[in-house]
Amino acid sequence: MIDTLVYEAKNQIIRIAGLENGILQSLDISDLSRAAEGNIYLGRISKKIELANGKTGYFVNLGDVKEAFINAEEYGRDELNANEGQEVIVQVAQEQHAEKGAKLVRSLQFVGKNLVYCPYRMNIEISQKIDDKLKAEELKNLVLDNTTGQEGWIVRTSAAAADKEEITAEMEVLRGRFDDVRRRAQTAKAPVLLAERNNLVVEIVSRNEQTLKKIVLNDHNLEKAFKEDFEVEFSAQPFADFGLDEQIVEALQKEIRLKDGGRIYIEQTRACTAIDVDSGEDDGQGSLGRLNHEAAKEIARQIKVRNLSGKIVIDFAGSSEYRFLKGAIETLICSLHGDTVKVSVYGLSRAGLVEVLRARRRPSLQDLLSVECPTCRGSGRVEP
């Protein structure tokens, strides 16, 4: 439940924080000099490589620091059979993180407020968050009736509150964006950016418009755009005004202290993120259920703030039997509900660990703001 949005742009770095009662709930940091998720490029094939099981992949030059990677095989598209130096239209599906370059796809998607246009698909998908089945069927039929030729659509949750004219008008706008990309690609020389992703702050405002009350920013153009619908405040240093730099530093620490004395330890590794809950100096009269409930809510917040992704394993305090952890798992699921990144909580493993899988689209906060120490290689330990 985000009630305040804080936007700060400095040089090529944009930071957007979502707050609830002054506490950081979400954080997006974008470097405009790097290939961002959703950007569409005319790239140039720089190298063809052989993968396992006879598969093929390509490194693609986008003009970014690191070359990006694309699989030859892709759902809905013919297998890519290209030579070095050949140009290809691609979209960033996963941004560069750590030592790995960005991951690309050829199946372009154009995101609107209510729809996602997928020109290389032939199906219509409806957001599962639209609970009204009659409304979902009505939206599906509306989009189907206005589909032309070979194209696919994803109907977003917000479409349930939109009228028919808004939906059909948006379909035309998104088709136009695809046509613009194809026209630019015909005369451009790779590597070149063909289309930028949607303005991230506009997307975040749209997602949180039901609860959002205030926007604080250092951009006069955005101030004008939002002031009719929200309380808008201009500040030269909005992150400093809210003490957000201090909260970001806290989000980089391995240890988080809970209100009643318990502790959470977060360790990011190459394979997964391990989270341990410790009773520590907990003064909650020994109630491990209450401690794990508090920890589950904080873990969900940390996952979103730190943008933890991939495999996440959680070792809650006390017994690892399901009957004792059922409440904590339910709290975790509830607290992760509404996450803008696809996340699944798979319950307990046979070893008594709660397993979570969160889609990897953008770098974690740790990857964005720090680099691995070349001396200790991330171990962070010293010899006695």
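Let me begin with strand E10, residues 115-118, which in this predicted model pairs with strand E12, residues 152-155, in the antiparallel sense over four bridges; within that pairing, the bridge partner of Tyr117 is Trp153 in E12. E10 also pairs with strand E9, residues 110-111, again in the antiparallel sense, over two bridges, and the two are joined by a hairpin through three residues, with Val111 standing opposite Val116.

As for the side chains, in a regular strand they alternate between the two faces of the sheet. In E10, Leu115 and Tyr117 point one way while Val116 and Cys118 point the other way, and all of them are buried.

Let me turn now to helix H8, residues 322-336, whose 15 residues reach 19 Å from the first C-alpha to the last, close to the 21 Å expected at 1.5 Å a residue. There is, however, a kink of about 25° in H8, centred on Ala328, and Ala328 is itself among the buried residues of the helix, together with Leu325, Ile329, Thr331, Leu332 and Leu336. What do the buried residues of H8 pack against? They pack against helix H7 (288-306) and against strands E19 (310-315), E20 (343-348) and E21 (354-358). After the helix comes Gly338, whose phi is positive, near 90°.

Finally, Ala251 lies in the loop between helix H6 (244-250) and strand E16 (255-257). Is this loop residue buried or exposed? Ala251 counts as buried because its relative accessibility is 5%, where the cut-off is under 20%. Leaving aside its neighbours within four places in sequence, Ala251 is in contact with Gln302, Val305, Arg306 and Leu365.

Conventions
Residues are numbered from 1 along each chain as its sequence is written. This is a predicted model: local features need pLDDT of at least 70, side-chain atom pairs count only at pLDDT 80 or more; totals for chains, interfaces and linings use all residues. Side-chain values use heavy atoms; hydrogens and water are left out. The expected span of a helix is 1.5 Å times one less than its number of residues. The bend at a residue is the angle between axes fitted to the seven residues ending there and the seven starting there. Buried means under 20% relative accessible area, exposed over 50%, partly exposed in between (1.4 Å probe, protein chains only). Contact means heavy atoms within 4.5 Å. Two strands pair if DSSP finds at least two bridges between them.
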